[in-house]
Amino acid sequence: MARFDTLNRAWMVWDNPAPAPEGAVLEYTRELEKFLAEIERRAFRMAQVALRDPDDALDVVQDAMLKLTRNYAARPSQEWRPLFYRILENGIRDLQRRRTVRKRVMTWLPGPKEDPDNEAQDPLDNVADAAPAIPERLMQAQAMQRLEASLRALPARQREAFMLRNFEGMDVAETASAMACSEGSVKTHYSRAVHALRAQLGEVW
Amino acid sequence: MSEQDNEAFEVRSRALFQDSVDGLDMRIRSRLTQARSAALDAADGRRPWLFGWKMWAPAAGVTAAAILGLGLWIGSPIGHQAATLSDVQSNFEDLDLVAASDEGSADAMDMLQDDIDFYDFADKAANSGPAA
């Protein structure tokens, strides 16, 4: 009898399926596009600060976008930002771990030792720009470079807290959700990050 | 390090970051747009690509054009001419069949000759009137 009921229910579903929420899908796709368009450049820059390499940064941002749209598109839109940044940060950490492993393996292999993370080894970095840059812009770019270098020197959690709170403008609760930790931890990480950055950059920065 | 200094630092670092975001080059912007589109397609099209109408649009267009072209060609004088030529060809084939139908027993042309003789005789008989 139970089997009959199951079959009957299955038949009813087959015979009269619930209408597909096409309008709802379109609506959240549009919202999702707006959200991604708004967030993508900042997300890319944050990934670039952490990873240095623009191609790697693009890869992790694209991966985060895909994961968000595939797995969490139907979630309420206010949850997207913390979810997106959690996915992004996980991607960044995965890539950094892979790099560390690769570096260890490379040290055991014969041949010229090359550090892919060492910016000074890129000869293009030492070539002067042909076009003279506007001094103010140049100073800003240099200040940003110093800030990026200091951010990279921070522990990952502090860097994450600083970028989400300060660059992305997330509040403590959202940041805690993105970092999967308590609000108290966010405050601690952020405060330590600000102090460490100011100590590194100096008063004149 | 006062609270006010910290705030000034936060404001400055945020402004610098925003400047660097605004100054992203077109290559990066374009690649980000592509990544976004790919992600949205993935969310949008969970159904297999085989069933996407966009996939079949070019093939459907080519088929429709071929059908239209065929229709126009048949309706045109060239099409008619082609049809006439084919009719003539089939008539020749019929004649060959008639010619070859009695192969082995008698010549088909003899049969035709017999028929002509018969019709000639019938005509004369009709014109001469009934025998008194």
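These legends walk through several close-up views of a predicted model.

**Figure 1. Chain A as a whole is built from helices and has no strands.** Let us start with the layout of chain A. Eight helices and zero strands are found here, so following the chain from its N terminus you meet α-α-α-α-α-α-α-α. Of the 205 residues in chain A, 30% are buried. Look also at how the chain folds back on itself: among contacts between residues at least 6 apart in sequence, 62% join residues at least 24 apart.

**Figure 2. Helix α2 of chain A supplies the largest share of the largest nonpolar core.** This core has 48 residues, and eleven of them come from α2 (residues 22-51) of chain A. Which residues touch the most other members of the core? They are A:A47, A:V61, A:A64, A:F84 and A:L88. Take A:A47 as an example to trace on the model. Leaving aside neighbours within four places in sequence, A:A47 is in contact with A:A57, A:V60, A:V61, A:L88 and A:I92.

**Figure 3. Helices α3 and α4 of chain A cross with right-handed geometry.** The axes of α3(A), residues 54-71, and α4(A) come within 9 Å and cross at roughly 135°. The two helices are therefore oblique to each other. On the α3(A) side, the residues that meet α4(A) are A:D56, A:V60, A:V61, A:D63, A:A64, A:K67 and A:L68. Facing them in α4(A) are A:W80, A:L83, A:F84, A:I87, A:L88, A:G91, A:I92 and A:L95. Sorted by type, the residues of this contact are eleven nonpolar, one polar and three charged.

**Figure 4. Helix α7 of chain A is largely enclosed by the rest of the structure.** Why can we say so of α7(A)? Six of the eight residues of this helix, which spans residues 172-179, are buried. A residue counts as buried if 20 or more other C-beta atoms lie within 10 Å of its own. The buried ones here are A:E174, A:T175, A:A176, A:S177, A:A178 and A:M179. They pack against three helices of chain A, namely α4 (80-108), α6 (156-167) and α8 (183-201).

**Figure 5. Two residues in loops of chain A, A:R52 and A:A180, have a positive phi.** Most residues other than glycine have a negative phi, so these two are worth a look. A:R52 sits in the loop between α2 and α3 of chain A, and its phi is about 75°. A:A180 follows α7(A), with a phi near 55°, and lies in the loop between α7 and α8. Are these residues buried, partly exposed or exposed? A:R52 is partly exposed, with 16 other C-beta atoms within 10 Å, whereas A:A180 is exposed, with 11.

**Figure 6. A:A196 lies in helix α8 of chain A.** This alanine is partly exposed, with 18 other C-beta atoms within 10 Å. Not counting residues up to four places away in sequence, A:A196 touches A:L154 and A:Q158. A:A153 is 43 residues away from A:A196 in sequence, and their C-alpha atoms are 9.5 Å apart in space.

**Figure 7. Chain B touches chain A.** How many residues of each chain take part in this contact? The answer is 22 residues of chain B and 28 residues of chain A. Within chain B, α1 (3-22) and α2 (26-44) each supply at least two residues of the side that touches chain A. That side of chain B consists of 13 nonpolar, three polar and six charged residues.

Technical notes:
Residues numbered from 1 in each chain as written. Chains lettered and ligands numbered in written order. Predicted model: local features only at pLDDT ≥ 70, side-chain atom pairs only at ≥ 80, totals over all residues. Contact = placed C-beta atoms within 7 Å. Helix = DSSP H or I, 4+ residues; strand = E, 2+ residues; numbered from the N terminus. Nonpolar A, V, L, I, M, F, W, Y, C, P; charged D, E, K, R; others polar. Buried ≥ 20, exposed ≤ 12 C-beta atoms within 10 Å, placed from the backbone. Core = buried A, V, L, I, M, F, W, Y, C linked by C-beta atoms within 7 Å. Axes fitted to C-alpha atoms, helices over the stretch in contact; angles between N-to-C directions. Parallel < 35°, antiparallel > 145°, perpendicular 65-115°, else oblique. Left-handed = near helix turned anticlockwise from the far one by under 90°.
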